[in-house]
Amino acid sequence: MKWVLRFARVFVIAVATCAAAWLLFPRPISEFIFRTAISLQSLPDTAQQDGLHVFLCGTGSPLPDPTRSGPCLGIVAGGRAFVIDPGEGAARRLMNMGFPAGAIEAVILSHLHSDHIDGLGNILLQAWIVGGRKVPLPVYGPAGVENVVSGVNEMFRIDSTFRTAHHGTEIADPAGYGAIPRFIDLVPFKFTEVIADAEVRITATAVSHAPVHPAMGLRIDHAGRSVSFSGDTVYDPRFVKLSKDVDLMLHDAMQHWMIGAFEEQAQALAPGAVAIKILQDIVDYHATPEEAAKAAQEANAGELVLTHIAPPLPLRLFYPAFLGDAPQVFDGPITVGEDGMIFSFAPNG
Ligand SMILES: [Zn+2]
Ligand SMILES: [Zn+2]
């Protein structure tokens with residue numbers, strides 16, 4: 001018993017000393033902590049590592065979630081980097097994760113909903129400056145991608161002149177500014193190759209996100225490893241077929257009864273509010289966790305990661321309620337995606 005008292009006394013004295021030191025010398029202590037913290041920021045250089053790496057740079061939806069950025073997926077395949085759906089906050093989150101922005105080879109837009117493209121401008125600036133690009137970045141997308149690209153190019157053009165004036169043409173070469181559109185022409189009932197060479201193959205299929213046409217699901221293959229991404233869709237057998245035997249399936253997920261609970265609250269608070277109609281509308285074009293699990297099971301996916309999480313889930317405490325029956329539907333592991341997660345697959349392994 002004595003040693004417990006002695007330990008408690010030492011603990012109280014230590015805490016009191018730290019508190020007193022902080023009150024007396026906050027600035028030098030804060031500076032010391034800052035310098036120590038930034039020395040821990042040396043992140044692994046994924047561009048140098050072979051294999052297939054998946055960066056969850058945004059796992060949220062348009063519903064405001066304090067812990068999740070807008071939809072965003074970073075892919076590094078054999079050192080080549082791709083960004084799929086640069087939603088709001090994408091560039092910042094990718095920087096935090098050590099994503100090789102200088103190696104970004106292309107951006108792919110699964111569809112043209114605002115939440116999947118509203119971070120495109122900052123991604124273009126990152127790729128341009130960090131990559132020292134000499135030609136604009138290709139942005140692949142469905143019909144309408146030309147409008148999106150020309151709009152973003154115009155929106156940031158004045159900013160680009162400031163960057164060149166400030167950093168010089170070696171770093172910010174005007175010839176490399178912005179993007180060039182690459183139209184993906186989806187063929188009904190077939191898969192479409194977006195990028196295909198000896199190292200990387202990215203394949204697209206149409207998925208069901210009506211009234212959004214077209215919307216795409218994607219599959220990325222590299223060195224015997226594979227990942228698929230649903231984009232925004234309900235359960236769609238075409239995406240299941242595209243995802244056959246992938247190591248990892250990423251699927252959008254919206255738990256409908258939870259959205260219904262929000263709707264009930266909104267009805268009680270403000271009957272007839274616009275938000276109620278929107279909540280009723282959004283459930284018909286996103287898969288539930290259970291439907292995502294069904295897709296993963298039928299595709300024989302190695303694991304399932306849920307993304308485009310709705311409603312917002314600020315606490316892990318809510319994950320079992322969100323998943324519902326999904327763990328009983330899919331035999332493999334299911335992860336509720338969180339911003340900052342990285343999934344790595346060694347080549348041929
Ligand atoms: Zn979306
Ligand atoms: Zn959408």
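Analyst: The expected span of a helix is 1.5 Å times one less than its number of residues. Let's apply that to helix α2 (residues 26–38), bearing in mind that this is a predicted model.

User: What makes the reach of helix α2 close to the expected value?

Analyst: Helix α2 has 13 residues, and from its first C-alpha to its last it reaches 18 Å. The rule of 1.5 Å a residue also gives 18 Å, so the two agree closely.

User: Why is α2 called hardly covered?

Analyst: A residue counts as buried if 20 or more other C-beta atoms lie within 10 Å of its own. Among the 13 residues of α2, the count that pass this test is zero, so the helix is described as hardly covered.

User: What can you say about helix α6 (residues 157–167) by the test for burial?

Analyst: None of the 11 residues of α6 is buried, so this helix lies largely in the open. Just after α6 comes G168, with a positive phi near 90 degrees.

User: How do you know whether A21 is buried or exposed?

Analyst: A21 sits in helix α1 (residues 2–24). A residue is exposed if 12 or fewer other C-beta atoms lie within 10 Å. A21 has 12, so A21 is exposed. As for its place in space, the C-alpha atoms of A21 and D50 are 48 Å apart, although 29 residues separate them along the chain.

User: And V246, is that one buried or exposed?

Analyst: V246 has 23 C-beta neighbours inside 10 Å, and the cut-off is 20 or more, so V246 counts as buried. V246 lies in the loop between α7 (237–242) and β11. Its contacts beyond four places in sequence include R219, V227 and A299. W3, by contrast, is 57 Å away, C-alpha to C-alpha, and 243 residues away in sequence.

User: How many helices and strands does the chain have, and what share of its residues counts as buried?

Analyst: The chain has 12 helices and 14 strands. Of its 349 residues, 41% count as buried. Its C-alpha atoms fill a box of roughly 75 × 55 × 50 Å along the principal axes. The domain assignment gives domain 1 (2–38) and domain 2 (55–345), and their C-alpha centres lie 44 Å apart.

User: Why are β6 (179–183) and β14 (342–345) said to stand at the edges of their sheet?

Analyst: That open sheet has seven strands in the order β6-β5-β4-β3-β2-β1-β14, with mixed pairing. β6 and β14 each have a single partner strand, so one side of each is left without a neighbour in the sheet. From one strand to the next, the twist averages 20 degrees.

User: How do you know that β4 (residues 104–108) and β5 (residues 137–141) pair?

Analyst: Two strands pair if there are at least two bridges between them. β4 and β5 run parallel and are joined by two bridges, so they meet that limit. Within this pair, V107 stands opposite V139 in β5. Helix α4 lies across β3 (80–84), β4, β5 and β6, at about 170 degrees to β4. Helix α5 (residues 145–155) also packs on this sheet, touching β5 and β6.

User: Which strands are at the edges of the sheet that starts with β7?

Analyst: The order of this open, seven-stranded sheet is β7-β8-β9-β10-β11-β12-β13, and its pairing is mixed. β7 (192–196) and β13 (334–336) are the edge strands, each pairing on one side only. Inside the sheet, β9 (residues 215–222) and β10 (residues 225–229) make an antiparallel pair with five bridges, and I220 stands opposite V227 in β10. Helix α10 (residues 289–299) packs on the sheet, touching β11 (248–254), β12 (303–310) and β13.

User: Which residues touch the most other members of the largest nonpolar core?

Analyst: They are I108 and L304, in a core of 86 residues. The helix that gives the most to this core is α4 (residues 120–131), with six residues. Beyond four places in sequence, L304 touches M249, H251, A292, A293, A296, F330, G332 and I334. As a general tendency, nonpolar side chains of soluble globular proteins are buried together.

Note on methods:
Residues numbered from 1 in each chain as written. Chains lettered and ligands numbered in written order. Predicted model: local features only at pLDDT ≥ 70, side-chain atom pairs only at ≥ 80, totals over all residues. Helix = DSSP H or I, 4+ residues; strand = E, 2+ residues; numbered from the N terminus. Contact = placed C-beta atoms within 7 Å. Axes fitted to C-alpha atoms, helices over the stretch in contact; angles between N-to-C directions. Core = buried A, V, L, I, M, F, W, Y, C linked by C-beta atoms within 7 Å. Domains from an automatic or database assignment.
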